[in-house]
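Let's walk through this model together, beginning with its sheet and ending with its aromatic rings. Please keep the structure open as you read.

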Amino acid sequence: MRIPVLLVEDTPSLQFVYRSVLTAAGMNVHPAGSASEALQLLHQVKPGVVILDLMLPDRDGLALMSEMLAINPDLCVVVMSAQGSVDRAVAAMRAGAFDFLLKPFEENRFLAAVRAAVLAAEETTPGQPAPKRRAETAASSDPAASIGSSEAMKQVHRVISSVAGSIATVFITGESGTGKELAAIALHTQSPRARGPFIALNCGAIPHDLLESEVFGHLKGSFTGAIADKPGAAMAADGGTLFLDEVCEMAPALQTKLLRFLQTSMVQPLGATRPQKVDVRIICATNQDPLDAVRRGQFREDLYYRLHVVPLHMPPLRDRGRDAAEIAEVALRRFGGEEGKGFAGFAPETQRILLRHRWPGNVRQLLNVVRNIAVMQPGGLVTPDMLPGDMLREDPGQNRGASQPDAPSGTAGPQRTGFAPVATGLDSAETAFAGKTLAEIERMAIEAALARHQGSVPKAAHDLDISVSTLYRRIEAWKSDQS
């Protein structure tokens with residue numbers, strides 16, 4: 001039996017159009033033109049989904065929604081409004097709305113939102129809790145996903161709330177560790193595609209000769225080693241979101257195919273004779289300056305303008321005021337609970353160290369520091385001596401030894417050279433590098449960084465201040481020389 005859908009719209013012409021579209025899609029629609037009529041039908045037909053216009057002649061739509069949810073908390077309410085303010089959308093989501101549509105909207109957008117609500121309602125059985133609203137899902141995905149009272153993070157949340165319901169491509173920029181993928185997940189979970197797949201692909205971590213197959217897929221026998229058909233990430237994300245991380249690392253030839261895919265929504269796996277149409281929203285990210293990559297010829301200009309529809313910049317942790325202390329407190333409670341230890345928070349001096357630290361690895365680095373404390377310390381109040389030793393050595397407020405001079409004027413904290421510290425001091429460096437070519441010195445630095453990070457290529461690349469794909473190419477070149 002089809003779940004009843006209650007349509008509350010007071011404009012007769014719009015009610016007729018919406019009802020016709022939904023009925024043609026096979027839905028069981030019951031229209032109402034006022035709040036009083038809507039409440040009457042709510043008791044009579046017991047709908048699982050309500051499509052609600054917030055501007056009604058006899059009552060405010062938000063107040064009506066609250067009353068409906070009080071009667072049936074499992075209702076999935078899709079609200080509509082021509083009053084296109086982000087504040088009103090946020091208020092509706094916080095009050096329990098499943099989705100928010102800004103009039104006028106496309107028919108596909110309307111159907112996608114209602115279908116997602118119907119699917120969610122079908123998955124709710126009597127006696128079971130209703131599916132989480134999108135706003136709750138996004139906020140609970142990670143401690144760093146929604147924490148931060150700084151104005152910079154408030155702006156990020158405003159942008160996400162504003163564009164999540166759109167199908168427009170979002171281009172996220174920011175340093176490594178600032179939470180670009182978490183922002184992409186929030187955009188997905190607050191969108192009508194939330195019930196669809198979220199497929200993330202790191203374009204910098206996959207060798208270029210394999211990247212096309214990873215994105216667009218291949219058929220069995222299309223190349224040596226293709227022993228079975230494989231759907232690519234674009235096809236796997238059909239009906240959902242495809243997140244392309246480190247998109248500026250994509251090979252030029254593949255950039256051309258990605259541009260064609262964005263223009264046609266057609267996917268043609270390697271070895272296939274015919275393309276297939278998919279419905280995918282693209283979100284991409286980079287830790288580079290994309291315009292600089294365009295100027296250097298690394299990234300196609302036409303592809304940049306095709307992707308750069310809605311820009312979203314994730315601020316570095318050092319520019320987020322007291323957010324570092326807030327994130328650390330929440331993470332300490334979470335990690336301490338996972339380790340079965342009770343922590344009483346951070347001592348004032350420890351908080352001051354956290355706030356003045358430069359955090360080159362941003363939120364990811366901060367979470368690693370807090371995880372280290374939770375694992376290594378017994379509990380109680382976190383004092384400065386309980387912080388990892390390397391963090392205290394880097395702290396600008398601590399005394400440095402002779403081997404680590406003060407930073408030059410105008411800088412904050414020690415500067416990275418781009419090479420691993422395989423030798424300290426001029427004499428030891430001359431001894432270590434004596435008789436070595438530049439290529440051999442580079443390899444020593446890379447091998448030292450890999451050893452420090454237990455073979456993790458992404459961490460070593462971050463330490464050396466080079467891209468992951470560059471480091472993979474160096475390693476592959478060494479393997480080819482040995483074979």
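In this predicted model, a good place to begin is an open sheet of five strands, paired in parallel and ordered 2-1-3-4-5. The edges belong to strand 2 (28-32) and strand 5 (99-102); each has a single partner strand, so one side of each is left without a neighbour in the sheet. From one strand to the next, the twist averages 20 degrees.

Now look at how strand 2 is held by its partner. Strand 1 (residues 4-8) runs parallel to strand 2 and is joined to it by five bridges. If you start from Pro4, you will find its bridge partner in strand 2 at Asn28. Helix 3 (residues 61-71) packs on the sheet, where it touches strand 1, strand 3 (49-53) and strand 4 (76-81). The direction of helix 3 makes about 165 degrees with that of strand 3.

Let's turn to the rings. A pair of aromatic rings is described by the distance of the centres and the angle of the planes. With centres within 6.5 Å as the criterion, the model has five aromatic pairs. One of them is formed by Tyr18 and Phe110, with 5.2 Å centre to centre and 35 degrees between the planes. That angle makes the pair tilted, because stacked planes are under 30 degrees apart and edge-to-face planes over 60. Tyr18 sits in helix 1 (residues 12-24) and Phe110 in helix 5 (residues 107-122), so the pair links distant parts of the chain, 92 residues apart. Both Tyr18 and Phe110 are buried.

Elsewhere, Phe171, Tyr304 and Tyr305 form one aromatic cluster. Finally, find Phe335: Arg371 lies over the face of this ring, at 4.1 Å from the ring centre.

How values were computed
Residues numbered from 1 in each chain as written. Predicted model: local features only at pLDDT ≥ 70, side-chain atom pairs only at ≥ 80, totals over all residues. Heavy atoms only, no water. Phe/Tyr/Trp six-rings, centres within 6.5 Å; stacked < 30°, edge-to-face > 60°. Helix = DSSP H or I, 4+ residues; strand = E, 2+ residues; numbered from the N terminus. Buried < 20%, exposed > 50% of the residue type's maximum accessible area, 1.4 Å probe, protein only. Lys NZ or Arg CZ within 6 Å of the ring centre and 35° of its normal. Pairing = 2+ DSSP bridges. Axes fitted to C-alpha atoms, helices over the stretch in contact; angles between N-to-C directions. Contact = heavy atoms within 4.5 Å.
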